[in-house]
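Work through the exercises below with the sequence and the model open. Each task is followed by a solution in steps.

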Amino acid sequence: MDVVDERKLRETNEVDIESNAVKTSGETPCTQVIQKDDDADDEESEQSTSLTCRICLMANTKDDDRLISPCHCRGSLELVHINCLERWLDATGRTYCELCLFRFQTTSVLRHSAMASLRIWYRHPFHRRLLFSDILLCVLFIILGFTMTLICVLALEYFVHHKPQTDQQELPQIWTTASMMVFLIIVVVSSILNIFLVMRSQIIPWFRWWRHNRRVKLLIE
C-alpha cells in the first residue's frame, strides 16, 4: 500500500508540474505581445502629440495644410502649418521669423477674384445704396438726353422742311439750324459724359480696393 500511495503521489505531482508549465508557457507570449503593443501605442501617441503647429497647436489634419519647418527654429517651435504661417505673416506684415530672424520667401497675391470682390464690395450697405442712387441718376440722364435729342431733331425738321423760306429769313434760318445742331451735340455729349463720370465713381474705388486687398503667399522650394 505504501508503494502504491507513493506512486500515485508522484503521478499527481508530475501532472501538476506539467499543467503549471503549460499555463506559464501559454501566458508569457501573450503578455509580451500586449506589452509590445502598449509600448508602440505610447510611442505613436507621443510622436503625434509632439508634431503640432506652434501657432494653432494642432496636429497635421489635412494633406494640403501639412506641417513644415520653414526656419531655423527647433524643438516644439520647429513645425507650423502653411496656412497658419501665411495668416500670421499677413496679420503682422512681417516676412521673417520673430525668433530666429530667418527671412521667408514670400509673394503677394490677390485675396479675391474680380467677381468675388464685386460681390463682397456691394454686399456693404453703403456701397449698395450708392450703386442704386447712381443707377437712378444714369436712368434720369438717359431719359433727359433722349428727350432733348428728340426735341432738337423735331425742331430741325420743322425749320428745314416745314417753315416757309424767304430771302429775308434765309440767314436767320441758317443760324437757327446751326444753333440747334450745336445744342443737340452738347446734349448728347453731356449725357454721355455724365454717365461716364457716374460709372467711374463706382468702378475706381472698387478697383483700388480690389488691387490693394492682397494676402501673403509663402514660396516653398
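A residue is called buried under 20% relative accessible area, exposed over 50%, and partly exposed in between. The model used here is predicted.

**Exercise 1.** Decide whether F132 is buried or exposed, and find the nonpolar surface patch to which F132 belongs.

Solution.
1. Locate the residue: F132 sits in helix α4, which covers residues 125-162.
2. Apply the cut-off: the relative accessibility of F132 is 52%, so F132 counts as exposed.
3. Identify the patch: F132, I135, V139 and I143 together make a nonpolar surface patch of about 380 Å².

**Exercise 2.** Decide whether S191 is buried or exposed, and list what S191 touches.

Solution.
1. Locate the residue: S191 belongs to helix α5, residues 170-212.
2. Apply the cut-off: S191 has 13% relative accessibility and therefore counts as buried.
3. List the partners: with residues up to four places away in sequence not counted, S191 touches F141 and G145.

**Exercise 3.** State how many disulfides the structure holds, and explain why C73 is not bonded to C71.

Solution.
1. Recall the chemistry: a disulfide is a covalent bond between the sulfur atoms of two cysteines.
2. Set the criterion: the two sulfur atoms must be within 2.5 Å.
3. Test C73: its closest cysteine sulfur, in C71, is 3.6 Å away, which is too far for a bond. C73 is buried, with a relative accessible area of 9%.
4. Test C84: the nearest cysteine sulfur is that of C56, at 3.7 Å, and C84 is in no disulfide. C84 is also buried, because its relative accessible area is 6%.
5. Conclude: the structure holds zero disulfides.

**Exercise 4.** Describe the largest nonpolar core by its most connected members and by the elements that supply it.

Solution.
1. Start from the general expectation: in soluble globular proteins, nonpolar side chains tend to be buried together.
2. Name the central members: the largest nonpolar core has 15 residues, of which V80, L85, L89, F104 and L218 touch the most other members.
3. Assign the elements: two or more residues of this core come from each of β1 (67-68), α2 (82-92) and β4 (214-218). The largest share, four residues, is given by α2.
4. Follow one member: leaving aside neighbours within four places in sequence, L85 is in contact with I55, P70, V80, F104 and L218.
5. Check for another core: a second, separate one has five residues, including C152, A155, L156 and M180.

Conventions: Residues numbered from 1 in each chain as written. Predicted model: local features only at pLDDT ≥ 70, side-chain atom pairs only at ≥ 80, totals over all residues. Heavy atoms only, no water. Patch = residues over 30% accessible without salt bridge, like charges linked within 9 Å, V, L, I, M, F, W, Y side chains within 5 Å. Areas by Shrake-Rupley, 256 points an atom, 1.4 Å probe, with all protein chains shown as cover. Salt bridge = Lys/Arg side-chain N within 4 Å of Asp/Glu carboxyl O. Buried < 20%, exposed > 50% of the residue type's maximum accessible area, 1.4 Å probe, protein only. Core = buried A, V, L, I, M, F, W, Y, C linked by side-chain atoms within 4.5 Å. Contact = heavy atoms within 4.5 Å.
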